[in-house]
Amino acid sequence: MSSPTGPASGLPVRMPRPRQSGRHRRPEPVAAPEGAPALVLAVPGTPSAAVRSLAEEVVSIARSELPGLEAAIGFLDGDESEYPRLSAVLARAAALRVERYELARAAGREVAEPEGPAAVVVPLLAGPDSALTDRIRQAVADSGASAELTDVLGPHPLLAEALHVRLSEAGLARADRARLFTVATAADGIVLATVGGQEAVQAAGITGMLLAARLAVPVMAAALDQEGSVAAVAEQLRGSGSAQLALAPYLIGPELAEGLLEDAAKAADCPVAEALGAYPAVGKLVLSQYTAALGIAPQPQGTPVR
């Protein structure tokens with residue numbers, strides 16, 4: 001039986017751990033602020049079960065990094081049933097916020113009237129694509145909701161890491177430069193394939209420089225949606241001494257038209273790695289764009305070049 005001064009004799013006393021001080025103190029976990037706008041992932045491309053699964057995994061990664069995050073998925077080319085259209089998702093997010101406010105007032109709670117955006121829209125795009133971002137912007141306008149549209153996910157060191165991993169998974173690069181083993185099929189030149197025209201190629205080139213530092217091989221960006229671009233870059237790499245090339249898609253996946261990547265690999269006459277997909281860095285960068293828009297957390301830092 002416990003006494004007023006503590007538990008009965010013989011029972012262990014569980015004291016709270018003192019909070020660590022100084023620069024080595026563990027950071028307090030960040031959670032989504034109460035009433036924060038929803039994160040709405042804008043997914044381009046033709047909707048499918050595989051695309052939805054990818055988007056759900058990206059959102060799951062973001063939720064695991066920020067407890068309490070309210071998130072939804074809107075498809076740029078969605079419908080009104082299986083794959084909800086982006087504009088409809090945004091309209092529902094705005095209506096839900098008003099409904100929650102009215103229910104709280106009806107319950108006698110003192111709550112502030114909603115202000116600011118009802119949603120933060122993050123495009124599921126690694127690099128710039130003006131045609132797609134213009135369509136996303138139009139969907140936001142069509143929704144009638146107050147929403148903030150963020151930038152695309154790259155360029156960023158975390159995407160260079162993701163590209164490295166995808167190449168190593170395909171046996172086209174060493175997993176780690178610090179290891180002493182070699183990969184017989186490792187490429188000595190990388191064609192970094194993107195879509196979105198010249199603007200996308202320039203942005204991909206920045207991440208390409210980070211990838212080149214990781215792999216210690218030349219990396220050049222090319223546009224999948226510009227005829228002859230991939231073949232020309234492959235020829236340029238071979239002309240500078242690269243004999244064994246690989247194609248690395250600087251793409252999440254849904255934005256890629258069917259058959260485009262396979263045609264590019266044939267044009268470059270080289271093997272190809274998988275698209276970035278739901279690599280953990282993609283989810284973290286989606287969350288980074290959301291938190292940066294709200295000003296509640298710093299953007300994630302890339303891993304050091306090895």
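1. Contact here means heavy atoms within 4.5 Å. The model under review is a predicted one, and on that footing L192, once its neighbours within four places in sequence are set aside, is in contact with L163, A204, G208, L211, V219, M220, A221, A222, A248 and Y250.

2. L192 also belongs to the largest nonpolar core, which has 53 residues, and together with L41, L124, L167 and I190 it touches the most other members of that core. Apart from this core lies another, made up of 18 residues, with A193, A234, A264 and A265 among them.

3. V282 is found in helix α8, which covers residues 280-294. Because buried means under 20% relative accessible area, V282, at 0% relative accessibility, counts as buried. Leaving aside neighbours within four places in sequence, the contacts of V282 are V58, L124, L153, I252, L276 and G277; of these, L124 is also named among the residues that touch the most other members of the largest nonpolar core. Measuring from C-alpha to C-alpha, V282 and L158 are 8.1 Å apart in space, although 124 residues apart in sequence.

4. Helix α6 (residues 229-239) and helix α7 (residues 260-268) have axes that come within 8 Å and cross at roughly 35°, and the crossing in which α6 passes α7 is right-handed. On the α6 side the residues that meet α7 are V230, A231, A234 and R238, and their counterparts in α7 are A264, A267 and A268. Sorted by class, this contact has six nonpolar residues, one charged residue and no polar residues. A234 and A264, which take part in this meeting of the helices, are also among the members of the 18-residue core.

Technical notes
Residues numbered from 1 in each chain as written. Predicted model: local features only at pLDDT ≥ 70, side-chain atom pairs only at ≥ 80, totals over all residues. Heavy atoms only, no water. Core = buried A, V, L, I, M, F, W, Y, C linked by side-chain atoms within 4.5 Å. Buried < 20%, exposed > 50% of the residue type's maximum accessible area, 1.4 Å probe, protein only. Helix = DSSP H or I, 4+ residues; strand = E, 2+ residues; numbered from the N terminus. Axes fitted to C-alpha atoms, helices over the stretch in contact; angles between N-to-C directions. Left-handed = near helix turned anticlockwise from the far one by under 90°. Nonpolar A, V, L, I, M, F, W, Y, C, P; charged D, E, K, R; others polar.
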